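Open the model in your viewer and keep the selection box at hand. We will go from stop to stop.

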Amino acid sequence: MRKKLMSLGFIFLGGLFCTSNVEAKEVTILINGVPVKELYVDSEGRLYITPGAGRKPVKIEVPAVEGEPVVSKSKKIKIGGKAYIHWDYNMAGEEESNAFKITRNYLEIRGYFNDRDYFRTTLDVKQTDSVDGGSYVARLKYAYVYFHDVLPYTGVELGMAHRPWIDWEEHHGWLHRDVEKTFIESKGGAHLMNSADLGVNFKGKYGIASWEVAIFNGEGYHDVEDSDHFGKSLEGRLSLNLLDGFTFSFHTTHSFDHKGENYDRHIYQVHAVYNNPYFLVAGQYVWNNIDSYSGEDKDQKGYSINGDIKLKPVVGYPLGVLARYDHWDPNDKVSDDEREQFIYGVFYHLNKHVKFSLVHERIVDEGEEVGDKSTLMAVARIKW
């Protein structure tokens, strides 16, 4: 063993002497499967893997070759994913049915240029009836490059990027995307927009404020660009953490020639959330004004309230109770066309990777745009 270590030491020392003008990189090596960051040398130059009397530590370094920086792939590439696995029991109407399904399966890869700048690709797998009668297909959800601090306290996403609102709410107000989408995206709620689009999104944070300002095609990641005019969507969000746990936000979207349908869409939204170790409560109000180029204008509006009761401080287990109520009026000039969505149930965090939920979702739709629904859902969210 001693001879092998001495030979190893000569290799390292030789390498260092040969490339002494090049910056060396600190590394960990394996000796008989044991990770070693330091060797030890005695007064006669013999190397050891353990400290001892008269031994001095020798740091292990590998010289970097100029033009070919030595980097660890594990530090450059980050891979993760998330899946929502459902068992849904449809109780609406006379025909009951149940099915296991995967509502989403995300695969995310990030390649880092340095500690903060990276390129992200996320594939979104979902089931669709239009492919082989119900095959699962992969769609591109995110594909953007991120550069931090391109402006004071502000970074930028360029490509298929986050839109300013939905991702923020999923991390601050509505924490159960595995059960149902946010109010502004859900078909049982306002159903006005989705979470990603092609364009540029500047996002920053300073003090109590965080913000996003973006310009997108406006069609979202589901559709191709289809506009005869300016045809872009200008979007923004401003959030103020006014008190400990309390945040007030304003969000707006102006989608011109929205999806090539000859009208402009103007969304205004206010949102407030209070979150502490015992409970979360959030509320929002949304206005959507549709300015038609040739037909009748339309005003839509609605609100949503949701809350979580966190039982871990009381029972010692990461259990919780969730509830949400949505109300949406698709045309304030028409009566008896409103819809309501009720979501309530319990959730349990098995660990940081797995969460289980048992939820009942009820939709009452007077206008029959969505239809009445009553669904019992057992959901597993897997995050890795």
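The tour below visits a small sheet, some hairpins, a surface patch and a pocket.

**Before you start**

This is a predicted model, numbered from 1 along each chain as its sequence is written. Local features need pLDDT of at least 70, side-chain atom pairs count only at pLDDT 80 or more, totals for chains, interfaces and linings use all residues, and side-chain values use heavy atoms, with hydrogens and water left out.

Two words come up at each stop. Strands (E, at least two residues) and helices (H or I, at least four) are DSSP runs, numbered from the N terminus. Two strands pair if DSSP finds at least two bridges between them.

**Stop 1: an open sheet**

Select residues 38-41, which are strand E4. Add E5 (47-48) and E6 (56-59). These make an open sheet of 3 strands, in the order E5-E4-E6, with antiparallel pairing. E5 and E6 are the edge strands, and each pairs on one side only. Now look between E4 and E6: 4 bridges link them. Which residue of E6 stands opposite Leu39? Val58 does.

**Stop 2: E13, E14 and E15**

Select 196-206 for E13 and 209-216 for E14. They run antiparallel over 8 bridges. Lys205 stands opposite Ser210. The two strands form a hairpin with 2 residues between them. Click Gly207 in the turn: its phi is positive, about 60 degrees. Then add E15 (residues 233-243), joined to E14 by 8 bridges, also antiparallel. Here Trp211 has Leu238 as its bridge partner.

**Stop 3: E20, E21 and E22**

Move on to E20 (319-329) and E21 (339-349), an antiparallel pair with 10 bridges. Find Trp328; its bridge partner in E21 is Arg339. E21 also pairs with E22, antiparallel over 11 bridges. A hairpin of 4 residues joins these two. Glu340 is partnered by Val364 in E22.

**Stop 4: a nonpolar patch**

Show the surface and select Ile77, Ile79, Leu107, Ile109, Leu123, Leu140 and Trp384. Together they make a nonpolar patch of about 610 Å². Patch residues have over 30% relative accessible area and no salt bridge, and nonpolar side chains (Val, Leu, Ile, Met, Phe, Trp, Tyr) are joined within 5 Å. Areas come from the Shrake-Rupley method with a 1.4 Å probe, and only the protein chains shown count as cover. A salt bridge is a side-chain nitrogen of Lys or Arg within 4 Å of a carboxyl oxygen of Asp or Glu. E8 (77-90) and E9 (97-112) each supply at least two of the patch residues. Trp384 sits in the segment after E23 (373-383).

**Stop 5: the second largest pocket**

Select Lys82, Tyr84, Asp167, His171 and Lys383. Of the 37 lining residues, these are the closest to the pocket's centre. The volume is about 910 Å³, the space filled by probe spheres set on grid points joined across faces, edges and corners. A pocket is an open set of points on a 1 Å grid over the protein atoms alone, where a 1.4 Å probe fits, with protein on both sides within 12 Å along at least five of seven lines; lining residues have an atom within 4 Å of a point.

Which element gives the most to the lining? E8 does, with 6 residues. Helix H3 (166-172) is among the elements that give two or more. By class, the lining has 9 nonpolar, 11 polar and 17 charged residues. Ala, Val, Leu, Ile, Met, Phe, Trp, Tyr, Cys and Pro count as nonpolar, Asp, Glu, Lys and Arg as charged, and the others, Gly among them, as polar.

Definitions and conventions
Patch = residues over 30% accessible without salt bridge, like charges linked within 9 Å, V, L, I, M, F, W, Y side chains within 5 Å.
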